[in-house]
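These are my notebook entries on a structure I looked up. I record below what I asked and what I found.

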Amino acid sequence: MASNESAAANSEEGVNDAASGTPTVIFVCETCGYDAENPDAVRPGKRLGESLTRALSRETQAATDNVEMQRAAALADLEVHPFRCLMACKRGCTAQVRGLGKIGYTVGDLKPDSASVQTLIDYALLYRASHTGEVPFKQWPDGVRGKFVARFPVLPTLNQENQEP
């Protein structure tokens, strides 16, 4: 199964983020790729974030046009937010995928190209469909294999803090 098909299938199975009413957020480091020889150039991280935003818009519209309403809803729940430095400069371009009540992941070694954009979309759809944020290894899109930089625990909510002894 192609990663696109896998992401779409999984996004249709578990709609955890949709059920919770919270988006899956992809933070893209807009400062990745500083070039000392051309310091005023648009950085690759910024280009990656802009390309990702445009691709999400295109794919959401295409899914809507093709009456793939579950896929369109899943794509519409993905939000791209630029972030000034994820502090993984040696692994840039980097992006972090987060969802409320879920483990977060930072992925690095991305390029500001269509392959990395599609990888992030596919991975974020799988992440969105997961109740914990964990995506089984065999479902990982090829573009994220070997590129994880960090994993972040779920932040406790006020209710969880009050229940602990």
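**Entry 1: the core.** Which residues have the most contacts inside the largest nonpolar core? I note before answering that the model is predicted. The core has 32 residues, and Leu52 and Ile121 are the ones with the most contacts inside it. I then looked up which elements give two or more residues to this core: strand E1 (24-29), helix H3 (44-65), helix H4 (69-76), strand E2 (78-83), E3, E4 and H5. H5 gives the most, with eight residues. For Leu52 I left aside the neighbours within four places in sequence; its contacts are then Ile26, Val28, Val80, Val117, Leu120 and Ile121. I add a general remark: in soluble globular proteins, nonpolar side chains tend to be buried together.

**Entry 2: strand E4.** I asked whether the residues on the two sides of E4 (residues 104-107) are buried or exposed. Gly104 and Thr106 on one side are buried, as are Tyr105 and Val107 on the other, and both faces of the strand are thus covered. In general, side chains in a regular strand alternate between the two faces of the sheet.

I next looked up the partners of E4. Strand E3 (residues 95-99) runs antiparallel to E4 and is joined to it by three bridges. Tyr105 in E4 is the bridge partner of Val97. The two strands E3 and E4 form a hairpin with four residues between them, and Gly101 in the turn has a positive phi of about 75°. With strand E5 (residues 148-152), E4 pairs in the antiparallel sense over four bridges. Here Thr106 stands opposite Ala150 in E5.

**Entry 3: aromatic rings.** How many aromatic pairs does the structure hold? I find eight. One of them joins Tyr123 and Tyr127, a tilted pair at 6.4 Å centre to centre with 45° between the planes. Both residues lie in helix H5 (residues 114-129), four residues apart, about one turn of the helix. Both Tyr123 and Tyr127 are buried.

Why is the pair of Trp140 and Phe148 tilted? The ring centres are 4.7 Å apart and the planes stand at 50°, so the pair falls in the tilted class, which covers angles that are neither under 30 degrees nor over 60. Phe148 is partly exposed, with a relative accessible area of 21%. I also note that ring pairs link Tyr105, Tyr123, Tyr127, Phe137, Trp140 and Phe148 into a cluster.

**Entry 4: charges over rings.** I checked two rings of this cluster. The charged end of Lys102 sits over the ring of Tyr127, 5.0 Å from its centre. Arg145 lies over the face of Phe137, at 4.5 Å from the ring centre.

Key
Residues are numbered from 1 along each chain as its sequence is written. This is a predicted model: local features need pLDDT of at least 70, side-chain atom pairs count only at pLDDT 80 or more; totals for chains, interfaces and linings use all residues. Side-chain values use heavy atoms; hydrogens and water are left out. Rings of Phe, Tyr and Trp (its six-membered ring) pair if their centres lie within 6.5 Å; planes under 30 degrees apart count as stacked, over 60 as edge-to-face and the rest as tilted. Buried means under 20% relative accessible area, exposed over 50%, partly exposed in between (1.4 Å probe, protein chains only). A charge sits over a ring if NZ of Lys or CZ of Arg is within 6 Å of the ring centre and within 35 degrees of the ring normal. Two strands pair if DSSP finds at least two bridges between them. A nonpolar core is a set of buried Ala, Val, Leu, Ile, Met, Phe, Trp, Tyr and Cys residues joined through side-chain atoms within 4.5 Å. Contact means heavy atoms within 4.5 Å.
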